[in-house]
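Student: I have a structure to go through. Can we take it question by question, starting with the ligand?

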Amino acid sequence: MMARSTMDFGIDLGTTNSAIAVLDGTEARIVKNAFGHDTTPSAVYADRAGRIHVGERARERVESDPANAAAEFKLRMGLRDQLTSFVNSGLSLGPEELSAHVLRALKANVTRQLGEEVRAAVITVPAAFELNQTDATRRAAEAAGLELSPLLQEPTAAALAYSFQRDEDNIYRLVFDLGGGTFDASVVHIRDGEFDIVNHRGDNFLGGKLIDWAIVEQLLIPALLRQYTLPGFGRGEPAWAQAIAKLKAAAENAKIELSSADSALIDISDPPLCADSRGAPVEFVHELHSADVDALTEPFVARAVNICQAALRESQLTPDRIDRVLLVGGPTLTPYLRRRLHEGLGIELDVSQDPMTVVARGAAIFAGTQRLPAEPVRPGVSYTVDLEYKPIGSDPEPMVGGVVRGPAGRALDGFTVEFVNAGARPPWRSGKVVLPAAGTFITTLRAEPERRNVYEIVLEGPTGAREKVQPTELTYTVGVVAPAATLTHSIGVTLAGNEVSWLLAKGTRIPEKAREILRSTVRLTRGESGGLLRIPIVEGEHARANRNRQVGALEILADQVTRDIPKNSEIEVEIQIDASRLVTTRAYVPVLDEEFEAFHDLTTERAPEPAELRRALQAEQQRLDGLQTDARRTADPAALAILDELDDERVVDQLENDVAATEHGDTDAAGTAGRRLLDLQARLDAVEQALEWPSLVEWANRVLHDAPGLIDEYGEPRDRRRYELLAADVRRALESRDAEHLRTLVDQLAAYLATVVDRRTGAVVMARFSQLTGMRDELTDQAAAARLIAKGRRAVDGNDIEALRSVNRELIELLPRGDGPDGGEDVSGVYKPQR
Ligand code: ADP
Ligand code: MG
């Protein structure tokens with residue numbers, strides 16, 4: 001076989017199933033596994049001798065021998081302390097190592113089928129993957145012996161496979177990828193043969209697996225318990241783990257059957273499911289109807305549709321601007337889902353590709369654009385050529401340049417180089433290009449569309465004698481060019497007051513860096529024990545810092561500095577992300593003329609503890625109840641719309657299930673619950689803001705109304721000018737309907753007025769109140785805080801300083817104690833100076 005000049009292999013490393021494809025001409029072909037299947041379950045089994053088995057057999061073991069098998073470990077990629085123990089062998093493997101075993105199995109399929117060793121391959125990751133997760137994927141590839149493994153986002157790969165070799169221009173598509181455990185909605189724009197991911201939204205914890213669990217928990221277990229008495233039977237209960245796993249596998253098989261039938265029979269009677277408490281066999285036979293499963297699927301589809309709509313809204317695209325929805329992932333084979341999706345989005349679906357393998361095939365197409373580094377020079381070859389060209393492009397007449405090198409000191413004048421495409425009809429030759437002494441050349445190729453063009457490289461000496469040259473050929477394909485890598489989440493610095501300054505926006509092409517000048521909120525005294533200045537870095541989209549994922553923090557320690565850093569010192573923060581998504585934060589401190597640096601250890605994310613989750617869930621449930629009552633009372637349409645969405649998706653019920661499973665020791669569920677909780681919190685924040693808007697507007701107008709009088713009475717001419725600037729900002733914020741921003745500005749204005757008044761009256765009470773309202777996110781009891789703030793505003797309005805003083809006292813009581821349960825850690829030591 002000819003040595004490859006491009007990577008050509010693409011791998012879909014899926015949560016549930018993985019696949020490998022190879023680019024063969026212009027066609028990406030799946031390389032089947034030993035069972036003749038296109039996809040290989042991402043499951044690992046370790047036998048007594050510690051031998052590792054991957055795929056179908058391992059998948060069966062997940063059901064029959066859960067103590068020695070693992071699956072769905074992709075959900076734990078990048079999380080710390082997530083070792084899976086394999087009891088019989090005593091092995092203990094993390095998600096990265098397990099993924100490496102899957103990759104090795106896929107490589108072995110190629111060796112078996114094609115007799116070729118895969119040394120480089122493109123690997124796909126969900127677009128929703130965060131930095132720690134992509135980083136872990138890269139390490140898994142290294143461990144599997146892949147010398148090169150560019151990562152490609154799954155929707156990009158899918159869009160490539162759907163779009164390759166088609167004439168389409170200036171259109172938008174929506175990639176709808178619902179897999180076993182992750183969901184991605186990506187808006188893709190195709191223009192001039194190139195395409196870009198315009199926007200993406202995802203949920204790393206939405207997929208077919210959740211439908212399987214819903215079938216088990218809501219249909220099968222209740223049916224089973226109607227027939228048998230099985231004490232404590234449930235998910236996460238060690239005594240019943242085997243039986244539960246069997247039910248889940250049966251649920252999944254039946255669900256798949258239902259995508260082409262109206263009913264499916266689950267029969268677990270021979271051997272029986274398990275034994276009851278008296279040791280009698282439990283036989284379980286149950287007929288599953290598609291209507292029942294459709295009903296269980298509904299909340300997941302609703303959530304997926306909402307995410308798609310949000311992605312479109314964010315990109316300011318209406319559904320009629322979207323040409324088609326590209327379906328990806330096993331669950332999109334479900335007829336109900338397709339119907340519901342078509343209705344819900346009002347966009348035509350593209351069902352032309354096999355959704356189970358489209359990602360691997362797209363990855364292979366992309367791999368065809370990735371050149372491999374030159375092979376070591378073979379014996380007997382004295383000439384090499386360094387080529388400059390793109391292996392895939394939209395241009396049918398691409399340029400190719402290069403340098404021919406000979407034995408040391410050999411001048412190349414009089415040599416010729418020629419490119420010959422013998423496979424073209426008719427065969428095509430570039431004509432001989434005469435080389436100068438330095439061996440450099442540039443020429444144009446002609447490519448046939450719809451196929452991979454292979455050009456033999458012919459080198460001749462001055463006498464016309466053919467010389468051996470390496471490489472011997474280059475390939476070029478006319479096709480869609482894949483986009484550059486972009487950030488899938490914004491990255492920013494947490495500021496004091498739970499705010500974020502976003503330095504790198506979602507969608508930014510990487511590598512990239514950005515800097516911003518901040519100031520310190522505390523004094524850092526040299527050598528002071530425990531003293532530090534903390535600059536936390538977050539990844540996400542939420543305005544409140546603690547609703548985003550913590551990437552890490554740069555800490556300047558008191559014993560690192562040569563001098564004190566006074567409070568309010570400038571700190572120039574720079575965040576840099578390289579092409580492989582590694583993040584570095586630097587802080588330059590002018591007063592020291594020193595720079596500090598932190599590389600973020602992206603693997604430090606820890607799954608939350610069950611008790612922590614339970615507490616947080618209860619708090620959110622209470623908040624939800626309160627907000628529901630308020631929303632019904634005020635009939636605020638924005639708030640009601642969000643609450644309806646939460647209801648349709650049954651978000652709280654699902655969280656309840658996840659948290660319950662976590663309490664029973666299910667570690668996957670902990671990750672799920674943690675993310676879902678953040679999502680619920682952010683959405684309730686939005687409801688809160690919507691509900692707060694009218695009262696906020698009232699408060700803003702009152703301050704604007706009273707201010708001129710106060711300034712006339714107490715102020716000086718310069719106060720008037722300053723007031724007018726601030727008031728203009730407030731009016732702009734009123735127009736833009738940005739509650740968070742408006743609150744900050746009105747608080748600022750009120751604080752300013754308070755200082756003006758204070759100069760004459762000596763009252764600091766108003767200023768203190770404004771300062772406290774500015775800290776409201778940090779107050780421990782949000783409901784009480786809201787009540788007090790409202791009371792305080794009435795007091796301000798009525799000029800009741802005594803009442804305001806008592807409000808302040810009560811608000812101070814709500815300030816978190818320095819080292820409370822989740823205080824301390826995320827607190828930022830920097831703020832953004834005002835203009
Ligand atoms: P992943 O990308 O997470 O590896 P896949 O795209 O391989 O996921 O999809 C796996 C999921 O698809 C599983 O939950 C499986 O049950 C489901 N699935 C596979 N085939 C079908 C089908 N015909 N109908 C419905 N669901 C299916
Ligand atoms: Mg997938």
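Tutor: Keep in mind that this is a predicted model. Begin with serine 259, which has a polar side-chain atom 3.0 Å from a nitrogen atom of ligand 1.

Student: How much of ligand 1 does the protein bury?

Tutor: Start from the ligand taken alone. It then exposes 570 Å². Of that area, the protein buries 92%.

Student: Which element gives the most residues to the shell around ligand 1?

Tutor: Two elements each give two or more residues, namely α5 (208-227) and α6 (241-257). The top contribution is three residues, and it comes from α6.

Student: How many residues surround ligand 1, and which are the closest?

Tutor: The shell divides into four nonpolar, twelve polar and three charged residues. In total, 19 residues surround ligand 1. The closest are Thr16, Asn17, Gly180, Glu252 and Lys255.

Student: How far is an oxygen atom of ligand 1 from an N or O atom in the side chain of lysine 255?

Tutor: Two oxygen contacts can be described here. With threonine 16, the partner is a polar backbone atom, 2.9 Å from an oxygen atom of the ligand. With lysine 255, the partner is in the side chain, and the distance is 2.7 Å.

Student: Now the salt bridges. How many are there?

Tutor: The rule takes a side-chain nitrogen of Lys or Arg within 4 Å of a carboxyl oxygen of Asp or Glu. By this rule the count is 62.

Student: Is glutamate 692, in its salt bridge with arginine 743, buried or exposed?

Tutor: The closest N and O atoms of this pair are 2.7 Å apart. The pair links distant parts of the chain: glutamate 692 lies in helix α13 (residues 667-714) and arginine 743 in helix α15 (residues 739-761), 51 residues apart. Arginine 743 has a relative accessible area of 8% and is buried. Glutamate 692 has 11% relative accessibility, so it counts as buried.

Student: Aspartate 712 forms a salt bridge with arginine 720. Is aspartate 712 buried or exposed?

Tutor: The two side chains meet at 3.2 Å, N to O. Arginine 720 has a relative accessible area of 28%, so it is partly exposed. Aspartate 712 has 58% relative accessibility, so it counts as exposed.

Student: What distance separates the closest N and O atoms of lysine 32 and aspartate 38?

Tutor: Look at the setting before the distance. Lysine 32 is partly exposed at 38% relative accessibility, and aspartate 38 is partly exposed at 28%. They form a salt bridge, with the closest N and O atoms apart by 2.8 Å.

Student: Which residues are linked in a network of salt bridges?

Tutor: The network takes in arginines and acidic side chains. Its members are Arg544, Arg547, Glu620, Arg623, Asp685, Glu688 and Asp777.

Student: On to the backbone. Where is proline 426, which follows a cis peptide bond from arginine 425?

Tutor: Most peptide bonds are trans. The bond from arginine 425 to proline 426 is cis, with omega near -10 degrees. Proline 426 is in the loop between β24 (416-421) and β25 (428-429).

Student: What is omega for the cis bond from isoleucine 510 to proline 511?

Tutor: Proline 511 sits in the loop between β33 (499-504) and β34 (512-520). The bond leading to it from isoleucine 510 is cis, with omega near 5 degrees.

Student: Aspartate 8 has a positive phi. Why does aspartate 8 count as buried or exposed?

Tutor: Its phi is near 70 degrees, and the residue is not glycine. Aspartate 8 is in the segment before β1 (9-12). Buried means under 20% relative accessible area. Aspartate 8 has 1%, so it is buried.

Student: What about asparagine 568: buried, partly exposed or exposed?

Tutor: Asparagine 568 also has a positive phi, about 70 degrees, although it is not a glycine. It is found in the loop between β36 (549-557) and β37 (570-577). At 37% relative accessibility, asparagine 568 counts as partly exposed.

Student: Last one. What distance separates the centres of domain 1 and domain 2?

Tutor: The assignment gives domain 1 (9-207 + 299-367), domain 2 (383-478) and domain 3 (638-831). Taken over C-alpha atoms, the centres of domain 1 and domain 2 are separated by 37 Å.

Technical notes:
Residues are numbered from 1 along each chain as its sequence is written. Chains are lettered from A and ligands numbered from 1 in the order in which they are written. This is a predicted model: local features need pLDDT of at least 70, side-chain atom pairs count only at pLDDT 80 or more; totals for chains, interfaces and linings use all residues. Side-chain values use heavy atoms; hydrogens and water are left out. Buried means under 20% relative accessible area, exposed over 50%, partly exposed in between (1.4 Å probe, protein chains only). Helices (H or I, at least four residues) and strands (E, at least two) are DSSP runs, numbered from the N terminus. A residue is near a molecule or strand if one of its heavy atoms lies within 4 Å of it. A polar contact is a pair of N or O atoms within 3.5 Å; within protein, one must be able to donate a hydrogen and the other to accept it, and residues adjacent in sequence count only if both atoms are side-chain atoms. Accessible areas come from the Shrake-Rupley method with a 1.4 Å probe; for residues, only the protein chains shown count as cover. Ala, Val, Leu, Ile, Met, Phe, Trp, Tyr, Cys and Pro count as nonpolar, Asp, Glu, Lys and Arg as charged, and the others, Gly among them, as polar. Domain bounds come from an automatic or database domain assignment.
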